[in-house]
Amino acid sequence: QYGTTDTCISPLIVAGTSYMDSVYSLAQSHVSANPYFNGNPYAPNPCLNKPGPGACQFDYNNFAKIQGVIVNAKTGSIDLQNTADKAFGRLPYNGETVYSTIYYKVNDATNNAPQQIQLKLMYYNRKADVPPALLSAISSNINSTLNNQLLSKGPSPRPPLILIVRNN
């Protein structure tokens, strides 16, 4: 209320899907990048137990697929091996970057409202080729997400960065 020293606190619920900034090593059998929902990386995927026409829909317009990003239509998991082969082509180079957008609908409190998330995918042949500053930034972003510090004081945490490494 104006003119008082009272503080009003209201919860903010972040709805939607995101992906953890991470380094995924194909040589270590990191086969998929799994989404998390509503700002909670510990919550179960609300799409796993919803069969039929009311289920969740990911990349329902094939926008990501056209760009070579292969997404499981029901769970939102990104197939990293196929994505690496298709999005980056036959002769990818270290630091190659692809941006894509996944359009999706989640059958939860959002009532299948159309939503979208942009992704940044990067390729490196070996983890040793990844610049240390980039690894440090990814590690910091992972810690922030896991510790429920989703509001960033620095650069925008979006789009999520999926860094695919072919070899160890």
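**A disulfide, an aromatic cluster and paired strands**

A disulfide joins Cys47 to Cys56, with an S to S distance of 2.1 Å. The model is a predicted one. The structure holds one disulfide. The link of Cys47 and Cys56 is left-handed, with -85° about the S-S bond. Both ends of this link were examined for burial. Cys47 has a relative accessibility of 5%, and it counts as buried because the limit is under 20%. Cys56 is also buried, at 3% relative accessibility.

The overall fold comes next. The chain contains three helices and nine strands. Along the sequence, these elements follow the pattern β-β-β-β-β-α-β-α-β-β-α-β. The chain has 168 residues, and 36% of them count as buried. Its contacts were also sorted by separation along the sequence. Among contacts in the chain with a separation of 6 or more, 67% are between residues 24 or more positions apart. The exposed surface of the chain comes to about 10,000 Å². Carbon and sulfur atoms supply 52% of that surface.

Aromatic rings were then considered. A pair of aromatic rings is described by the distance of the centres and the angle of the planes. A search of the whole structure finds four aromatic pairs. One of them is formed by Phe37 and Phe58. This pair is edge-to-face. The ring centres of Phe37 and Phe58 lie 6.4 Å apart, and the angle between the planes is 70°. The pair links distant parts of the chain. Phe37 belongs to strand β4, which covers residues 35-37. Phe58 belongs to strand β5, which covers residues 57-58. The two residues are 21 residues apart. Phe37 is buried, with 2% relative accessibility. Phe58 is buried as well, with a relative accessible area of 2%.

Phe58 takes part in another aromatic pair, with Tyr104. Here the rings are stacked. Their centres are 5.6 Å apart, and the angle between the planes is 15°. Phe58 lies in strand β5 and Tyr104 in strand β7, residues 96-105, so the pair ties together parts that are 46 residues apart in sequence. Tyr104 counts as buried at 2% relative accessibility. Phe37, Phe58 and Tyr104 form one aromatic cluster.

A charged side chain also meets a ring. Lys105 lies over the face of Tyr60. The distance from the ring centre is 4.8 Å.

Strand pairing was examined last. Strand β7 pairs with strand β8, which spans residues 115-126. The two run in the antiparallel sense, and nine bridges join them. Thr101 has Gln118 in β8 as its bridge partner. Strand β8 is also joined to strand β9, residues 161-167. These two strands run parallel, with six bridges between them. Arg126 stands opposite Asn167 in β9. Strand β8 thus has an antiparallel partner in β7 and a parallel partner in β9.

Note on methods. Residues are numbered from 1 along each chain as its sequence is written. This is a predicted model: local features need pLDDT of at least 70, side-chain atom pairs count only at pLDDT 80 or more; totals for chains, interfaces and linings use all residues. Side-chain values use heavy atoms; hydrogens and water are left out. Rings of Phe, Tyr and Trp (its six-membered ring) pair if their centres lie within 6.5 Å; planes under 30 degrees apart count as stacked, over 60 as edge-to-face and the rest as tilted. Helices (H or I, at least four residues) and strands (E, at least two) are DSSP runs, numbered from the N terminus. Buried means under 20% relative accessible area, exposed over 50%, partly exposed in between (1.4 Å probe, protein chains only). A charge sits over a ring if NZ of Lys or CZ of Arg is within 6 Å of the ring centre and within 35 degrees of the ring normal. Two strands pair if DSSP finds at least two bridges between them. A disulfide is a pair of cysteine sulfur atoms within 2.5 Å. Contact means heavy atoms within 4.5 Å. Accessible areas come from the Shrake-Rupley method with a 1.4 Å probe; for residues, only the protein chains shown count as cover.
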